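Here is a friendly walk through a structure, meant to be read with the sequence and the 3D view side by side. Please have both open as you go.

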Amino acid sequence: MAYVSTKSTPSRKPPLNESTPLGWVKVNMFSTLFSSVLSIFVLIAIFFTLKSLLTWGIFDGVWIADSRRECFSISIDGACWAGIIAWFDSIFYGLYPRDEIWRINLGGILLVIWMVPLWLPRVQGKVFIGFSAVALYPFLAGYLFSGGDKGIFVQVMISGAIVCIAALTINAAIGYFKNDNLANFIIQRLGKNDATEKQQRNILLGILAACVVAVFIWQLSWIEKSISWTRWGGLFLTFVIAGVGIASALPGGILLALGRRSKLKAVSILSIGFIEIFRSVPLITVLFMATTMFPLFMPEGIVLNKLVQVIIAVCLFNACYMAETVRAGLQAIPKGQFEGAHTIGLGYWGTMGLIIMPQALKHMIPNIVGTFIGLLKDTTLVSIIGLFDLLNILRTISRDKPWLGLHQETLVFGALIFFILCFAMSKYSRHLEEKLSTSHK
Amino acid sequence: MKLTTLLTSVAAVAAMAFAGVASASAESTLEIVKKRGHVRCQVGPASPGYYFLDSKGEWQGLDVANCHAVAAAIFGDISKLEIQSVSTQARFTSLANGDSDLLSRTATWTMSRDTQLGIDFLTPTFYDGQGFTVPKDSGIKTGMDLKGAKVCVTSGTTTESNLNDFSRTNNLNISAVTFEDFNVRDETYLQGGCDAVTGDKSSMAGNISAFPVPGDHLILPDTLSKEPLAPAVRHGDNQWADIVRWAQFAMINAEELGITSANVDDLKANSKNPSIRRMLGVEGDLHKGLGLEKDWAYNIIKQVGNYGENYDRYMGNGPQGIGIPREGSSNALWTKGGLMYSPPMR
């Protein structure tokens, strides 16, 4: 007589809501009468919205036509996407002369080449990559985009930028494939492994100087046609304003936040005054001040570049918002961290740079990215003062004779572009948070 | 001691600033423009027919042609030009503070603007008038039928106040529905949000042509206001005003004399007509008074065309035109019963 069953009991099926979509629907959407009614109501609303949206945009939409009139003759109620397609170049490049567009593309590609090593594993010197992208790349890109005569300072910076991007690319390749860095690689190739550190450094500096001089001489013959900023526009201009704003808002914000918390009375009062003044005025007011009031104070005949005025205004404005975000992050750091840093002999900048900021910035990521997204969307305000950013170009389509009155499709398209950009930023910030999160979970 | 040092330095800075201003204003606009190498011409946010961007990113339009003409007159090259697009609110400030050299956009020449804003209007390039658009089946035949009606209007221009004046004078009790953007105004009208649209007749004609069914709408015969649309320059530099004014007159005069961009070379070489020869700089020295080169008018006609050519191209039935008939309107030449009249060029 055996009490132990020889057969194993058949495994039971998983609960309905775990196994089939239908089960999930039943448990989550129709569990009670109230939620059933609510679900049906919402589903109907979604169905009709989607149906009319898809009918308008896709099924009745017109993709190929030469004018809005032709769109109407094909489908009177559908969207006329042909206008957007005809204006593609303008939407992305604004009024930029069409045979010079390669300069914008090249500038974009260079930025990608510059930044990609930041995301590659095993590459060394990532802090330098980020720093150089902020300090050197703007000169190279700025000249590519605007052209004309180069001053001696810009020439030097451009040479530096070209050498830098070449070195960074080689360094990234060496790092990725050989898990080494460029400096060591050169020393080994030259067989100077045994030389003293000072000799090695001198060799590297010598090579660097030779490269910069060679590039400097080469770039003397490199002259691009001058293109006025008034021809910048479209998504390109939006990127320029937002890009400079984003690159400068964080450093500016950190300095202002540190200034505000400073024990030096003068520094803290100045910082507080600056932050509060800019934060209590709407951005559009700052922009109007910068572009219409400022020239009144200048001597007659002197006209400052409106784009530069706008970019400065955007940078200052966002640095002030960023300062408060950073200050909030700083206040979350326990006092023990400061004291700990002091006990190991770190000074003010050492404490801030090595101990406090890395911790604080990690906590601030959601807010920082939130400010960046706000900044990107705020750039559309420059259309009010006559710059042809993405929004303004999209609005201009409806004034072009063949596409007269085409304004809904263009705004939908603009919304789509902004959604893609903002959503990508938001997703990336989530990814960063997870990557950097340590023990706090 | 310290106070005196401070006071002296403040005085010195003030004196330097004053000297800077004085020396700068002594320079004429023409000199500044020549030194800079291009003309800064102000237009507005794109407006069909007058100034708009085409899909290649180039400015076009009747008012842009004026900008081109000034650049051609001074530099002999229409590309020596920077078009500035300035919002309606900032347009006159931007001209008065020296940001723009001239303003060539659909600005109505009114007395208060001409006398109070530090700017001078020149000769009108387009005579417009405000009117109403209504649906054909509404039964409205004149503006008087609009009693108690809701009328869509764009804000921030003379249009809105003209509508109020019209409503008050005729005791019509019209309620205005204002919009920033004419596209939204028209959309609201098309969806029945208002009984009529008011605006400049010319631009409304262009807008109606873009409606899904243009034939369903008509422009009422009433004209609410005179709208002479003229370019403007800063007050006080008469030489500059002369240049802009005569660049326009040259285009009108050329049409009257039958000079076009196509035949200008031929006429310059072969014409016996003294008026044509004087204008194109073959004989006489008309250019001296303007401080320009001998072939200033030739360059305008060659590169920009005469007034009629530009009208057809942008306002008339050309491929880019918004289809406003010119015959019989105020914009016809004076010889054909219109108001386009240039003083003789001699």
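The notes below cover a helix pair, a single residue, a sheet and a contact between chains.

## A helix pair in chain A

Please keep in mind that this is a predicted model. A good place to begin is chain A, with helix α19 (residues 390-397) and helix α20 (residues 408-436). Two packed helices are described by the angle between their axes and the distance between the axes. Here the axes come within 9 Å and cross at roughly 160°. An angle over 145 degrees counts as roughly antiparallel, and α19(A) and α20(A) are therefore roughly antiparallel to each other. The crossing of α19(A) past α20(A) is right-handed.

Which residues of α19(A) meet α20(A)? They are A:Leu390, A:Leu391, A:Leu394 and A:Ile397. Facing them from α20(A) are A:Thr410, A:Leu411, A:Phe413, A:Gly414 and A:Ile417. By class, the residues of this contact between α19(A) and α20(A) are seven nonpolar and two polar, with no charged ones.

## A closer look at Met115

Still in chain A, A:Met115 belongs to helix α7 (residues 101-115). Is A:Met115 buried or exposed? The answer lies in between: A:Met115 has 14 C-beta neighbours inside 10 Å, so it counts as partly exposed. Buried would take 20 or more, and exposed 12 or fewer.

You can also look from A:Met115 to A:Thr169, which is 54 residues away in sequence. In space, the C-alpha atoms of A:Met115 and A:Thr169 are 9.7 Å apart.

## The five-stranded sheet in chain B

Turning to chain B, you will find an open sheet of five strands with mixed pairing, in the order β4-β1-β5-β13-β6. Its edge strands are β4 and β6 (119-121) of chain B, each of which pairs on one side only.

Within this sheet, strand β5 (residues 102-103) of chain B pairs with strand β13 (residues 232-234) of chain B in the antiparallel sense, over two bridges. B:Leu102 has B:Val233 of β13(B) as its bridge partner. Helix α3 (residues 62-75) of chain B lies across β1 (39-43), β4 and β5 of chain B, and runs at about 170° to β1(B).

## Where the chains touch

How many residues does each chain bring to the contact? Chain B gives 36 residues and chain A gives 30. On the chain B side, the elements that each supply at least two residues include α1 (2-26), β4 (81-85) and α8 (201-209). The side of chain B that touches chain A has 17 polar, 13 nonpolar and six charged residues.

Notes:
Residues numbered from 1 in each chain as written. Chains lettered and ligands numbered in written order. Predicted model: local features only at pLDDT ≥ 70, side-chain atom pairs only at ≥ 80, totals over all residues. Axes fitted to C-alpha atoms, helices over the stretch in contact; angles between N-to-C directions. Helix = DSSP H or I, 4+ residues; strand = E, 2+ residues; numbered from the N terminus. Parallel < 35°, antiparallel > 145°, perpendicular 65-115°, else oblique. Left-handed = near helix turned anticlockwise from the far one by under 90°. Contact = placed C-beta atoms within 7 Å. Nonpolar A, V, L, I, M, F, W, Y, C, P; charged D, E, K, R; others polar. Pairing = 2+ DSSP bridges.
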